[in-house]
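Have the viewer open and a pencil at hand. The exercises below can be worked through with the structure on screen, and each comes with a solution.

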Amino acid sequence: MSIPSRSSASIYSNNFYFLYGNQSFLQYLSDNRQCYNQGTFPQLQSETLSNRFSSDKPERCSLKPFDCAFGDLYSFEDRDQMYRQSNILKYFDRKPLKCGFAIPSIFDTVRYKYGRNQTCQTVVFTVVTNCYDPLPEVEGPILPSFCFIALLDTQTLKAYRKFYSEEKRSTSYDVKWDLIDLGDNASLFLASAKSTETLKLVGPRMFPVAKWIIWLDGKVYIQNIGDILLQAQSPMIIPSHPDARRTSASEVKPTIKRLKSREKSSSQQLNISIAEILIQQAEYRHDGFYARSDTLGLKMVDIAILVYKNNHPCIIRYLCGWHNEINYFSYRGQLSVYYPGVRLNLTHYLHPLPEKFYYTKDHEAVC
């Protein structure tokens, strides 16, 4: 009935109990029991089954077989499964969460290496393919329990070895990155950038015994990680977007504009990416998601950094839902970052990262 005082000696001591933010502690515990059992749900327009609208196309998996198989998402029903409330009297009829890694892949290399690693209590990781960015910059005290892991394709790995030796550049003082080679083809999804967008959300599947997981984009500078975790009041921390006017609905047009500038070399891929965004937009509009987001006052976040408590029931459900959105609809994560939070009534768990801890730079190719 009482919460133990928070120890200043360790950022890991019973930290689950101090992450309830602005809620009451009892509501926090109730939410997490519900997340563990079957999730928490608000009432959106789409929750009325007779009003369901499927934008599914039966032939979608023929274009991207790995995408469908990795997430085990072959139909609209598969994607919508986690949002359906199950009969509490039929416990053994409940279906497990779909959350990636449904088939073997090169990504299992990470799971084999870190699946039982109990030394890495805080995992800081990044994914870079096609030489898109250098490694993130990390400053501040580095504890022995911090592990830094970079998942790279072979091309990027070779470029890093040259980039950091010839340019005399440092990846930051006292930071030792474990560079994991995912092979020549680490972009198994239809869109090459989808590997990055997917893996950033399935950290709990790759590092199951870590206590905290931090995703960093290659353009990120972050400092004093220990202080971030010590001051955390929520199990999910994401920076605010620098443009405070941006919302989930308004993000669609600039996302399509960026895609048109980046995917000029493949008109077919560009057409598929834009079609997925428009289908997603139609579904979200029909669901009432944009209207609900505006009512809640949800402004866009910057998903270049994600800090989350591992194995936290509500965060596991939120991340799996987000993963399913980017693997069913568009891989552009900013379009769906709030969707599972709104559907599961978990948006109050998403707290902003104070600006004093980070900044982002422009992308910088290393080869």
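The exercises that follow concern a predicted model, and they go from sheets to a helix, the core and the disulfides.

**Exercise 1. The seven-stranded sheet**

Task: Find which strands stand at the edges of the open sheet with the order 4-3-1-5-8-7-9, and say what that leaves them without.

Solution.
- Step 1. Start with the order: seven strands run 4-3-1-5-8-7-9 in an open sheet, and their pairing is mixed.
- Step 2. Look at the two ends. Strand 4 (177-181) and strand 9 (350-352) each have a single partner strand, so one side of each has no neighbour in the sheet.
- Step 3. Now follow the twist, which averages 20° from one strand to the next.
- Step 4. Add the helix that packs on this sheet. Helix 13 (residues 313-328) touches strand 7, strand 8 (305-309) and strand 9, and its direction makes about 140° with that of strand 8.
- Step 5. Zoom in on one pairing. Strand 7 (residues 236-238) runs parallel to strand 9, with three bridges between them. Ile237 has His351 in strand 9 as its bridge partner.

**Exercise 2. The three-stranded sheet**

Task: Work out the same kind of picture for the open sheet with the order 2-6-10.

Solution.
- Step 1. This open sheet has three strands, and its pairing is mixed.
- Step 2. Its edges are strand 2 (137-139) and strand 10 (358-360). Each has a single partner strand, so one side of each is left without a neighbour in the sheet.
- Step 3. On average, neighbouring strands here are turned by 10° against each other, direction ignored.
- Step 4. Strand 2 pairs with strand 6 (residues 220-223) in the parallel sense, over three bridges. Within that pair, Val138 stands opposite Ile222 of strand 6.

**Exercise 3. One side of a helix**

Task: List the buried residues of helix 12 (residues 289-296), and explain why they lie on the same side.

Solution.
- Step 1. Taking under 20% relative accessible area as buried, the list is Phe289, Tyr290 and Ser293.
- Step 2. These residues cover an arc of only 95° around the axis, which puts them on the same side of helix 12.
- Step 3. A general rule helps here: an α-helix has 3.6 residues a turn, so residues three or four places apart point the same way.
- Step 4. Next, see what covers that side. The cover of the buried residues includes helix 10 (252-262), helix 11 (267-287) and helix 14 (339-343).
- Step 5. Finish at the end of the helix: just after helix 12, Gly297 has a positive phi of about 70°.

**Exercise 4. The core**

Task: Which residues touch the most other members of the largest nonpolar core?

Solution.
- Step 1. That core has 106 residues, and Phe125 and Phe207 touch the most other members.
- Step 2. Select Phe125 and set aside its neighbours within four places in sequence. Its contacts then include Ile149, Leu199, Met206, Phe207, Trp215 and Tyr308. Lys200 and Gly203 are also among them.
- Step 3. For background, nonpolar side chains tend to be buried together in soluble globular proteins.

**Exercise 5. The disulfides**

Task: How many disulfides are there, and what is their pairing in sequence order?

Solution.
- Step 1. The count is five. With the bonded cysteines numbered in sequence order, they pair as 1-8, 2-3, 4-9, 5-7, 6-10.
- Step 2. Take Cys61 and Cys68, joined with an S to S distance of 2.1 Å. This link is left-handed, with -95° about the S-S bond. Cys61 is buried at 15% relative accessible area, and Cys68 is buried at 1%.
- Step 3. Go on to Cys99 and Cys320, whose sulfur atoms are 2.2 Å apart. Cys99 lies in the loop between helix 4 (76-80) and helix 5 (108-114) and Cys320 in helix 13, so the pair ties together parts 221 residues apart in sequence. Both cysteines, Cys99 and Cys320, are buried.
- Step 4. End with Cys131 and Cys367, at 1.8 Å from S to S. The link of Cys131 and Cys367 is right-handed, with 95° about the S-S bond. Cys131 lies in the loop between strand 1 (122-128) and strand 2 and Cys367 in the segment after strand 10, so this pair ties together parts 236 residues apart in sequence.
- Step 5. Compare accessibility within that pair: Cys131 is buried at 0%, whereas Cys367 counts as exposed at 57%.

Notes
Residues are numbered from 1 along each chain as its sequence is written. This is a predicted model: local features need pLDDT of at least 70, side-chain atom pairs count only at pLDDT 80 or more; totals for chains, interfaces and linings use all residues. Side-chain values use heavy atoms; hydrogens and water are left out. Buried means under 20% relative accessible area, exposed over 50%, partly exposed in between (1.4 Å probe, protein chains only). Helices (H or I, at least four residues) and strands (E, at least two) are DSSP runs, numbered from the N terminus. The arc is that of the directions from the helix axis to the C-beta atoms. Contact means heavy atoms within 4.5 Å. A nonpolar core is a set of buried Ala, Val, Leu, Ile, Met, Phe, Trp, Tyr and Cys residues joined through side-chain atoms within 4.5 Å. Two strands pair if DSSP finds at least two bridges between them. Axes are lines fitted to C-alpha atoms, for helices over the stretch in contact, and angles run from 0 to 180 degrees between N-to-C directions. A disulfide is a pair of cysteine sulfur atoms within 2.5 Å.
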